[in-house]
Amino acid sequence: MTIPPPQPPGESASAQEGTELAAEAAVVSATARERWYLRLPIISHLRRSVGLQRGMLVAGLVLVLGLLATALFAPLLAPYGFAETSADGASFGTQQPPSGAHPLGTTVAGYDVLSRVIWGTRTAVAVMACAVVLSLFIGVALGLISGYVGGWLDRILVMLADAIYAFPSLLLAIVMSIVISGGQSSAGGGILAAAVSITVVFVPQYFRVIRAEVVRLKAEPFVEAAKVIGTGHRRIMGTHLLRNSTRTLPLIFTLNSSEAILTLAALGFLGFGIEPTSASEWGYDLNRAMADATSGIWWTGLFPGLAIVAAVLGVTLVGESINDLNDPRLRVRRKRRGGPAGTTSTEATA
């Protein structure tokens, strides 16, 4: 029996690392040759996910797509309008239990609960989209300029962002909603007031994240090399810094989307939201259902609350899954084909 000579210490580990690097390079090369639609954010994350990560992502996508589809097809799905209290000359009645005519019952004001829940998705999606998109563009632009320029401009913007961030977010949203709406209860005015008030709360979050990344990246060799060869400041900020400082934005975007839904519901619950005759809003319906709960009338508050939970849960699951898949330390990898015997089906990186 011949015993093979022992390998020098560290040589086997180096060989294993080389094999892993070669496998990673092969994966990157294969990904680059894929069709463009397979490299889109959600599709690429779904194809790379396995196990629990895939289950969380799929569950979140189902809830989010259901929310968007309900908002888009609300006129077709809702049996009545959000402010209707009668049909064919007959009143719905107040606080009616679930029945064939009203599957989720009616409210204390005589509105159909199912219709209010369905129409409420439109208000939630509109406010969420407006608030998050506005805060994203404003916060990223300010953070990019502040981190790259520095000096007195950076100190002033940081001071303002810290002052806004330290202020209670819900109280700030209430104050901004009162100032912007001016007592108007129109659907457009109410949605815009809620969106702008939430935008003011979210801008410092994007600003601080982007500024911190830009301050770190502008000292990297590739930025210094771009300056040496004469690249303009606008190109450096828009090409080199922006692309490398937005890795965590998908997570913040999704978390802020869920927070926007909660903030809108809180404004409506406290009486600073949208009037029921202008648009359907889940927070207002929960406010009106508080007195019903003590009387054993559960359906007026249960279903708007479940709608809020489902919307927030779906957006949060998508955000957490994307963050795990973007972070190599949290990513779960597939089993390599043709790997050594005894390897597990999935491998979590340390």
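Start by selecting T123, A124, V127, M128, V132, L136 and V140 in α5, then add L249, F253, N256, S257, A260, I261 and L264 in α11: these two sets of residues meet each other. Color this contact by class and you get eleven nonpolar residues, three polar ones and no charged ones. Keep in mind as you go that the model is predicted.

Now draw the two helix axes. Two packed helices are described by the angle between their axes and the distance between the axes. For α5 and α11, which covers residues 249–269, the axes come within 9 Å and cross at roughly 135 degrees. Oblique counts as neither over 145 degrees nor 65 to 115, so α5 is oblique to α11. Look at the sense of the crossing too: α5 passes α11 in a right-handed way.

Next, slide along α5 and bring in helix α6, residues 151–166. Here the axes come within 7 Å, crossing at roughly 135 degrees. These two helices are therefore oblique to each other as well, but α5 passes α6 in a left-handed crossing. To see the contact, select L142, I145, S146, G147 and V149 on the α5 side, and G151, L153, D154, L157 and V158 on the α6 side. By class, this contact has six nonpolar residues, three polar and one charged.

With α5 still on screen, overlay the record. UniProt, in an unreviewed entry, lists "transmembrane region" at residues 56–78, 124–145, 157–180, 186–207, 251–274 and 297–319. Select 124–145: the chain is 100% helix and 0% strand there, with the end C-alpha atoms 32 Å apart. Then jump to 297–319, where the span is 91% helix and 0% strand and the end C-alpha atoms lie 35 Å apart.

Now step back to the loop between β2 (90–91) and α5 (113–149), and pick out Q95. What is the phi of Q95? Its value is near 55 degrees, which is positive in a residue other than glycine. Buried means under 20% relative accessible area and exposed over 50%, so Q95, at 27% relative accessibility, counts as partly exposed.

Finally, zoom out to the whole chain. The secondary structure comes to 13 helices and four strands. Of the 350 residues, 37% count as buried. If you like contact maps, here is one more number to look for: among contacts with a separation of 6 or more, 69% are between residues 24 or more positions apart.

Terms used:
Residues are numbered from 1 along each chain as its sequence is written. This is a predicted model: local features need pLDDT of at least 70, side-chain atom pairs count only at pLDDT 80 or more; totals for chains, interfaces and linings use all residues. Side-chain values use heavy atoms; hydrogens and water are left out. Buried means under 20% relative accessible area, exposed over 50%, partly exposed in between (1.4 Å probe, protein chains only). UniProt positions are given in the numbering used here, feature names are shortened, and annotations may be inferred rather than shown by experiment. Axes are lines fitted to C-alpha atoms, for helices over the stretch in contact, and angles run from 0 to 180 degrees between N-to-C directions. Angles under 35 degrees count as roughly parallel, over 145 as roughly antiparallel, 65 to 115 as roughly perpendicular and the rest as oblique. A crossing is left-handed if the near helix is turned anticlockwise from the far one by less than a right angle, and right-handed if clockwise. Contact means heavy atoms within 4.5 Å. Ala, Val, Leu, Ile, Met, Phe, Trp, Tyr, Cys and Pro count as nonpolar, Asp, Glu, Lys and Arg as charged, and the others, Gly among them, as polar.
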